[in-house]
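Below are some remarks for a colleague who wishes to go through this structure point by point. Please read them with the sequence and the model side by side.

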Amino acid sequence: DPMSGNVSSGKASHPARPQPAPAMDVQVKTHTVDGLLLPHVILLPDGREFPVERVYGSRRDPVRDNTLRYAVRVGGRTKAVWRRKDGTWFVEKEKGCP
């Protein structure tokens, strides 16, 4: 009722939760540094291997069910690889990938 001052714009009062991009399961060779499990090589299902040049850090990702998201440098570019609670790994599919 506009007369009462209760005016609704019809828009949600909070932003929509971002939808994650489709995921592709990968295998990851890891190594341990100072007790931390870190990705070392990312192995795609088609057999390609990508060495991880640097690990910038990790954090819980609430958008992806609190998986552990690692920010890494691969091929000179910053990418992300996620580790699920069950120990499996995935990456986001690049645009144009089936």
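**Notes on the pocket, the barrel and the turns**

1. The largest pocket holds about 580 Å³ of space, and the reader should bear in mind throughout that this is a predicted model. Its lining consists of 21 residues, and those nearest the centre of the pocket are Leu 44, Lys 79, Val 91, Glu 92 and Glu 94. The elements that contribute two or more residues to this lining are β4 (67–74), β5 (77–83) and β6 (89–92), with β5 giving the most, at 4 residues.

2. On the chemical character of that lining, the residues of the largest pocket divide into 12 nonpolar, 7 charged and 2 polar. Among the residues nearest the centre, Lys 79, Glu 92 and Glu 94 belong to the charged class, because Lys and Glu are counted as charged, whereas Leu 44 and Val 91 belong to the nonpolar class, because Leu and Val are counted there.

3. Turning to the overall architecture, the protein chain has 6 strands and 0 helices, so that the order of elements from the N terminus reads β-β-β-β-β-β. These strands make up a closed barrel of 6 strands, running β1-β2-β3-β4-β5-β6 with antiparallel pairing. Within this sheet, neighbouring strands are turned against each other by 40° on average, when direction is ignored. As general background, strands of a sheet pair through backbone hydrogen bonds, in either a parallel or an antiparallel manner.

4. How are contacts and burial distributed in the chain as a whole? Of the 98 residues of the protein chain, 23% count as buried. Among the contacts in the chain with a separation of 6 or more, 26% come from residues 24 or more positions apart.

5. The pairing of β2 with β3 deserves a closer reading. Strand β2 (residues 36–43) and strand β3 (residues 49–61) run antiparallel and are joined by 3 bridges; Ile 42 stands opposite Phe 50 in β3, and Val 41 stands opposite Pro 51 in β3. The two strands form a hairpin with 5 residues between them, and in its turn Gly 47 has a positive phi of about 100°.

6. The pairing of β3 with β4 can be set beside this. Here 8 bridges join the two strands, which again run antiparallel, and Asp 61 has Thr 67 in β4 as its bridge partner. This hairpin also has 5 residues between its strands, and Asp 65 in it takes a positive phi near 55°.

7. Which residue in the loop between β3 and β4 has a phi near 60°? It is Asn 66, for which this is a positive value in a residue other than glycine, and its place is in the loop between β3 and β4. Asn 66 counts as partly exposed because its relative accessibility is 37%, a value that lies between the cut-offs of 20% for buried and 50% for exposed.

8. A further positive phi is found at Asp 34, where the angle is near 50° in a residue other than glycine. Asp 34 has its place in the loop between β1 (23–33) and β2. Is this residue buried or exposed? With a relative accessible area of 79%, Asp 34 is exposed, since the class of exposed residues begins over 50%.

Notes
Residues numbered from 1 in each chain as written. Predicted model: local features only at pLDDT ≥ 70, side-chain atom pairs only at ≥ 80, totals over all residues. Heavy atoms only, no water. Pairing = 2+ DSSP bridges. Axes fitted to C-alpha atoms, helices over the stretch in contact; angles between N-to-C directions. 1 Å grid on protein atoms, 1.4 Å probe; cavity = no way out; pocket = protein on both sides within 12 Å on 5 of 7 lines; lining within 4 Å. Points joined across faces, edges and corners; volume = space filled by probe spheres on them. Buried < 20%, exposed > 50% of the residue type's maximum accessible area, 1.4 Å probe, protein only. Contact = heavy atoms within 4.5 Å.
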